[in-house]
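Please open the model in your viewer and keep the selection panel at hand, since each stop below begins with something to select.

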Amino acid sequence: MEITTDHQVTHLALNRPETLNALTPEARDRLIDLLAAASADPDVRAVILTGTGRGFCAGADLRGSGGAAGERVAGDVARTLRVGAQRLIAAVLDCEKPVIAAVNGTAAGLGAHLALACDLVLAAESARFFEVFVRRGLVPDGGGAYLLPRLIGPHRAKELMFFGDALTAPDAERLGLVNRVVPDGDLDKTAREWAARLAAGPTRALALTKQLVNASLDTDRTTAFAAEAAAQEINMTTTDAREGVASFVERREARFRGR
């Protein structure tokens, strides 16, 4: 994995192009650790996640896993998912910094869900999204049945999951899975521009906003309003909130420090 941090933006690039960046357990766990580190580091204010070569991420690397062969102990599959694919998606959703997916190519299975779990999704024109599980006789994992209906509704989600057809980047944008489609050559530049804007923003306010939005579809109005009030109470103690109010009164641009 290629890891760089510049101007308070951490850039994570999956780097196994020969496998379309399929995730080994080791790479998956490394990515989880890196997201946790970015979340906890006050000097990191945004994250970009992308791939190298023709793929963003082709999902879990099943080579050497034995496939469906061999004897399984009851509970092994569920346990593997909990500590693996589900923990990865949770790491993205729970990261306190905004995470931008720059989808440069194929995003399949867990790789598609990894992109969709991000806060903002940019896609190159050549990118493709695949719900490949049905092609292998498998049930979607990595939070797919949780993420997709919340993004595009149950009927569209079932269409993608039942048929497993390729979804082009423009079609993904039309459905609402992608924020913006850009020419392949502009993907990195656009992702960096968006990340720079986020890194210049009020980091704690963005983290609290992310928490509120992610929880909104799982809570009733009373709970959501209570969470909103609590988030406002917490945020008003930050330096950036005070700076935001002061800049408004003084009629100048706010200079946020991420604290």
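Begin with Thr-238, which counts as buried at 10% relative accessibility, in a model that is predicted. This residue sits in the loop between α10 and α11, the latter spanning 239-249. If you display polar atoms, you will find one in the side chain of Thr-238 that lies 2.7 Å from the backbone oxygen of Asn-235. Once residues up to four places away in sequence are set aside, Thr-238 touches Arg-204 and Arg-259. For a sense of scale, add Arg-174 to the selection: it is 64 residues from Thr-238 in sequence, and the two C-alpha atoms are 38 Å apart in space.

Next, select helix α9 (residues 203-216) together with helix α10 (residues 221-235), whose axes come within 10 Å and cross at roughly 170 degrees. How are α9 and α10 oriented to each other, roughly parallel or roughly antiparallel? Because angles over 145 degrees count as roughly antiparallel, that description applies to α9 and α10. To see where the helices meet, show the side chains of Arg-204, Ala-205, Leu-208 and Leu-212 on the α9 side, and those of Ala-227, Glu-228, Ala-231, Ile-234 and Asn-235 on the α10 side. Sorted by class, this contact of α9 with α10 has six nonpolar, one polar and two charged residues. Two of these names return from the previous stop, where Arg-204 was touched by Thr-238 and Asn-235 offered its backbone oxygen to the side chain of Thr-238.

Move now to another threonine, Thr-190, which lies in helix α8 (residues 187-199). With a relative accessibility of 11%, Thr-190 counts as buried. Its side chain reaches the backbone oxygen of Asp-186 at 2.8 Å, and, not counting residues up to four places away in sequence, Thr-190 touches Leu-122 and Val-182.

The cysteines make the next selection. How many disulfides does the model contain? The count comes to zero, and two of the cysteines can be examined individually. Cys-57 is in no disulfide, its nearest cysteine sulfur being that of Cys-118, 11 Å away. Cys-118 is likewise in no disulfide, and the nearest cysteine sulfur to it is that of Cys-95, at 9.3 Å. Cys-57 is buried, with a relative accessible area of 0%, and Cys-118 also counts as buried, at 7% relative accessibility.

Turn then to the loops that follow the strands β1 (2-6) and β2 (9-14), starting with His-7 in the loop between them. His-7 counts as exposed at 67% relative accessibility, and, although it is not a glycine, it has a positive phi of about 55 degrees. Most residues other than glycine have a negative phi. A further case is Leu-20, in the loop between β2 and α1 (25-40), where phi is near 55 degrees, again a positive value in a residue other than glycine.

Finish with Asn-15, whose place is in the loop between β2 and α1, and which counts as partly exposed at 36% relative accessibility. Leaving aside neighbours within four places in sequence, Asn-15 is in contact with Met-1, Glu-2, Asn-21 and Thr-52. Among these partners, Glu-2 is joined to Asn-15 by a polar contact of 3.4 Å between the side chains. As a last distance to display, Asn-15 and Ala-27 are twelve residues apart in sequence and 9.6 Å apart in space, C-alpha to C-alpha.

Technical notes. Residues numbered from 1 in each chain as written. Predicted model: local features only at pLDDT ≥ 70, side-chain atom pairs only at ≥ 80, totals over all residues. Heavy atoms only, no water. Helix = DSSP H or I, 4+ residues; strand = E, 2+ residues; numbered from the N terminus. Buried < 20%, exposed > 50% of the residue type's maximum accessible area, 1.4 Å probe, protein only. Polar contact = N/O pair within 3.5 Å; in protein donor to acceptor, adjacent residues only side chain to side chain. Contact = heavy atoms within 4.5 Å. Axes fitted to C-alpha atoms, helices over the stretch in contact; angles between N-to-C directions. Parallel < 35°, antiparallel > 145°, perpendicular 65-115°, else oblique. Nonpolar A, V, L, I, M, F, W, Y, C, P; charged D, E, K, R; others polar. Disulfide = S-S within 2.5 Å.
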